[in-house]
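Please open the model in your viewer and keep the sequence panel visible. The tour below proceeds by selection, with a short account of what is found at each stop.

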Amino acid sequence: MEQLYGIFLYTVFLLTMGGIYAVLTLGLNIQWGFTGLFNAGVAGFFAIGAYTTAIVTTAASERHLGGLGLPPAAGIVAAMVASSIIAWGVGRMCIRLRADYLAIATLGIAEILRLVLKNEVWATNGPRGISVIPKPFEHLAEPWNQIAMLLLVVAVVAVLYVLLERVWHSPWGRVMAAIRENEAAARAAGKDVERLRIVAFILGGALMGLGGALMAHHIKFIELQAAEPITATFLVWVMLVVGGSANNRGAIVGAVLIWTLWSAAEILITGLPPEWAVKAAYLRIFLVGLALQFILQRFPDGIFRERRLRTVSSPSIKEHSPCRKCC
Amino acid sequence: MQKMLLAAAAGTFALHTAAAADDITVGSAAAVTGPIAELVVDIVAARNLAASHVNEQGGLLDGDTYRLVTGDSQCDPKAAVDTGTKLVNVEQAVMVIGPNCSGATNGMAQSVTIPAGVVMLSDTATAPSISDLDDNDLVFRVAPSDAYQGRSLAEFAWEHGYRMLAVTYANDDYNSGLAAVFATAFTELGGTITGNEAHEPGKASYRAELATLAAGDAEGLALFAYFGSSGITILRNSLENALFGTFLGADGMMDNSVIEQIGADNLRGNIMLSQPASDTEGASYKAFAATFDSPGAPFVTHGYDIAFLAALAIEKAGSTDRGLIASALREVANAPGMVIRPGEWAKAKDAIAAGEDINYEGASGAIEFDGNGDVAGIYSLNMVGDDGTWTPVN
């Protein structure tokens, strides 16, 4: 019975982490899937979001900037604003670069952000990180605190999904696909390509900041080890590619599936004797790689393909389209 | 694929359940992959050695097997929270030892083990912020907090006859933390701090700051800095301008380039530096070193101690109840009681069965937990020796 209850709690945790990764993957989907912007610096925006909410929501400490003690909701909004501003700045500098050059530029910028956060010790406590970040619903009794956190993350993902589906099927979404497929044609049709790409970059960056903020609240602690490129950039890319880029459902399924593989693979190896434990940890990484190979061979376009855009959209959607004037 | 995984996972769970009758599981979280993977290999081996000592000498409680399940915490708080959740919930660990790295320890403690009421005992986390966690007495560590070094140096200074000192520190987390602890501890001992000034590392000269500090009647300067970024410059400025002649410092200054650049003759008898040390002459260390291949590797003594302490706590609790184990941990580690050294499981088991108090004296040190679940570190004091290198003094 206790065993089953434990597995239930682990499943709740697994889905919460998968949901947070889904937010990051949806952000990358706006940039890469919709618009074709190769952002290799997801970790940078993730870190900005996580640190912003940590500074805004923690109690006063002599170790780092902050002490505002605001509720997590305020921290999450601040995180999205901060990462949007950074994304705007990065976009202004780099957005004209072609795909592969943009990848290199964003990779470099993510590393700069990481080093700044590491060295501005007065603000971030440097390599020691920021501790005792409040977690939503943490004062509820177990398991309700964890279930409530999961529901919060699920609600965020659901709202984002609905909004992004509408965006994707709006005229704005079609312009984005046009820019991705043939930038010269979009330009010839009179679209302000540069501005539209910056907007997509900012939207994606804001979601990555949101993902970082949710992660910081979920694990109650943030330091730069949590924003290492392997788990904060490349894993997100794998999730999007496996799920199917330019498909919001694919982004979500890819995130949950890959996170489940990544996390649950460890359970399979714990039955081995302790002498094997150190080697088995690498076996787990091998297993994940093998599963990826399998999925990508089986579904070369990702599990969910990009859906053909509907040509008709309802007037109400047009009304709310953020870019009607420029389209 | 999903079905395969689920089936395999279900199979693993079934195995665990079947084995649970005579296994007692303790989670062993370690950064097996990641930036310190090479160090961790030996630490995990030391933990497993402790488990095999227990199992060879009668096992836990009624002959149950002490089973350590290794989880990979990767030195990353995300990964530590993930693996901690699995150890506590899926493996149903009665206690967690590890993880490595302060950040991973902090994350796992706050979001997994404290809410679940599981006691955690780390071998490598040294960040002072871990002492401040609101932990219901569930977070322990056998690696000394960096803050202890400041106190230790203050005691050295007092013993060596210093009563009035000026303090300057590089404005970073590590040095400012050390300086604050040092100043408080020195004042508590009865000493006087004549001036306490931060300095920005990396400047070309510190004459102005030092002149201000020298205006008090200090007998010496306590200097908390990294030797390269400001420490050597401050020593040179002080000596050239005859502002200060004697210095105290911590391990950030501990480098031979200090002696090379300032000159052994200028420093001999005028500077004392503290540095973490382990008591390699102690009986406990020797008992451990006799059974382990590389006893000198970093933190392996700590790794052995946490795994052995976990077993003692379970034995003392007399059950696999997480709450009882948590409250037994301090009892088996702290004095008074019959002294137990590494490897002496059979002796400890008999003593506990006879209702005696025991006091584990670990390979890494005496291990007396304070109210925060921290231990005091062992530090050595170093001066410039006759051969022009840093030499420990007694």
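Begin by selecting Ser364(B), which lies in the loop between β12 (358–360) and β13 (379–384) of chain B. The model is a predicted one. Is Ser364(B) buried or exposed? Its relative accessibility is 10%, under the 20% limit, and Ser364(B) therefore counts as buried. Now display the side chains around this residue. The side chain of Ser364(B) is in polar contact with that of Asp305(B), at 2.7 Å. Leaving aside residues up to four places away in sequence, Ser364(B) touches Thr301(B), His302(B), Asp305(B) and Ile378(B).

Next, select Pro342(B), in the loop between β11 (338–340) and α14 (345–353) of chain B. Pro342(B) is buried, with 6% relative accessibility. Add Gly362(B) to the selection: 20 residues separate Pro342(B) and Gly362(B) in sequence, while their C-alpha atoms are 6.3 Å apart in space. Which residues does Pro342(B) touch, not counting residues up to four places away in sequence? They are Ser284(B), Ala287(B), Phe288(B), Tyr304(B), Tyr360(B), Glu361(B), Gly362(B) and Ala363(B).

The following stop is the disulfide. Over all chains, the structure holds one such link. Select Cys75(B) and Cys101(B), which form it with their sulfur atoms 1.9 Å apart. The pair joins distant parts of the chain, 26 residues apart: Cys75(B) is in the loop between β2 and α3 of chain B, and Cys101(B) is in the loop between β3 (96–97) and α4 of chain B. Inspect the torsion about the S-S bond, which is -100° and makes the link of Cys75(B) and Cys101(B) left-handed. Both ends can be examined for accessibility. Cys75(B) is buried at 6% relative accessibility, and Cys101(B) is buried with a relative accessible area of 14%. For another cysteine, select Cys94(A), which is buried at 7% relative accessibility.

Return to chain B and select Ser102(B), a residue of helix α4. Ser102(B) has a relative accessible area of 14% and is buried. Apart from residues up to four places away in sequence, Ser102(B) touches Ala125(B), Thr126(B), Ala127(B) and Ile130(B), together with Arg128(A) of the other chain.

That last contact leads to the interface. Colour the two chains separately and select the residues in contact: 53 come from chain B and 47 from chain A. How much area do chain B and chain A bury between them? The value is about 4,100 Å², with 61% of it on carbon and sulfur atoms.

Within this interface, select Glu266(A) and Lys86(B). They form a salt bridge in which the closest N and O atoms are 2.8 Å apart. The count of salt bridges between chain B and chain A is one. Polar contacts can be displayed as well: 15 residue pairs between chain B and chain A are in polar contact, with both residues at pLDDT 80 or more.

To finish, show only the side of chain B that touches chain A. The elements α1 (2–19), α2 (37–56), β2 (65–72), α3 (77–90) and α4 (102–116) of chain B each supply at least two residues of this side. Coloured by class, the same side of chain B has 22 nonpolar, 21 polar and ten charged residues.

Definitions and conventions: Residues numbered from 1 in each chain as written. Chains lettered and ligands numbered in written order. Predicted model: local features only at pLDDT ≥ 70, side-chain atom pairs only at ≥ 80, totals over all residues. Heavy atoms only, no water. Contact = heavy atoms within 4.5 Å. Buried area = accessible area lost by both parts, 1.4 Å probe. Salt bridge = Lys/Arg side-chain N within 4 Å of Asp/Glu carboxyl O. Polar contact = N/O pair within 3.5 Å; in protein donor to acceptor, adjacent residues only side chain to side chain. Helix = DSSP H or I, 4+ residues; strand = E, 2+ residues; numbered from the N terminus. Nonpolar A, V, L, I, M, F, W, Y, C, P; charged D, E, K, R; others polar. Disulfide = S-S within 2.5 Å. Buried < 20%, exposed > 50% of the residue type's maximum accessible area, 1.4 Å probe, protein only.
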